[in-house]
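Biologist: Please take a close look at the sheet of this model and at what packs around it. A connected account would be welcome.

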Amino acid sequence: MAVMWQKGYAAGKDGVRIFYRYLKKGLPVLVFLHGGTGSMSAMFLQERFFSKKGISLLFIDLRGHGYSDRGKGSEFFRLEKFASDVDAVLRKVGIGKAVVIGHCFGSFVAQQFARD
């Protein structure tokens with residue numbers, strides 16, 4: 001049986017397009033956030049391992065990274081905006097509850113998301 005990934009863009013509050021890949025299986029839903037200057041492609045091993053476990057996976061390219069929109073200036077890169085982008089993606093794919101896992105800079109985004 002082929003694995004069916006949903007991929008696309010969610011719009012952040014400021015209109016920035018955030019790229020994601022979503023594999024809907026069962027609970028829990030694991031959300032992976034890459035480190036700074038990286039992209040979701042850095043999560044290849046996690047994807048390979050967890051996709052065999054029967055759980056749902058969501059990978060997000062943070063703003064300014066990977067296939068997500070680029071921007072300039074300190075306002076574009078505010079931590080609160082990264083966290084808001086995660087929320088926008090979760091809403092777009094219909095996820096109400098998830099485990100958010102961040103690597104390096106992604107861990108700061110995950111903490112801000114949990115706080116907000």
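Modeller: Two strands count as paired if DSSP finds at least two bridges between them; strands (E, at least two residues) and helices (H or I, at least four) are DSSP runs, numbered from the N terminus. The model is predicted, so local features need pLDDT of at least 70 and side-chain atom pairs count only at pLDDT 80 or more, whereas totals for chains, interfaces and linings use all residues. Residues are numbered from 1 along each chain as its sequence is written, and side-chain values use heavy atoms, without hydrogens or water.

In β2, Tyr20 is the bridge partner of Gly8. β1 and β2 (residues 17-23) run antiparallel and are joined by six bridges. They belong to an open, mixed sheet of five strands in the order β1-β2-β4-β3-β5. Because β1 (6-11) and β5 (99-102) each have a single partner strand, one side of each edge strand lacks a neighbour in the sheet. From one strand to the next, the twist averages 25°, with axes fitted to C-alpha atoms and angles running from 0 to 180 degrees between N-to-C directions. Helix α3 (residues 105-115) packs on the sheet, touching β3 (29-33) and β5, and its direction makes about 150° with that of β5.

Tyr20 recurs in the largest nonpolar core, of 20 residues, where Tyr20, Leu33, Leu58 and Ile60 have the most contacts. Such a core is a set of buried (under 20% relative accessible area, 1.4 Å probe, protein chains only) Ala, Val, Leu, Ile, Met, Phe, Trp, Tyr and Cys residues joined through side-chain atoms within 4.5 Å. Its largest share, five residues, comes from α2.

Definitions and conventions: Contact means heavy atoms within 4.5 Å. Buried means under 20% relative accessible area, exposed over 50%, partly exposed in between (1.4 Å probe, protein chains only).
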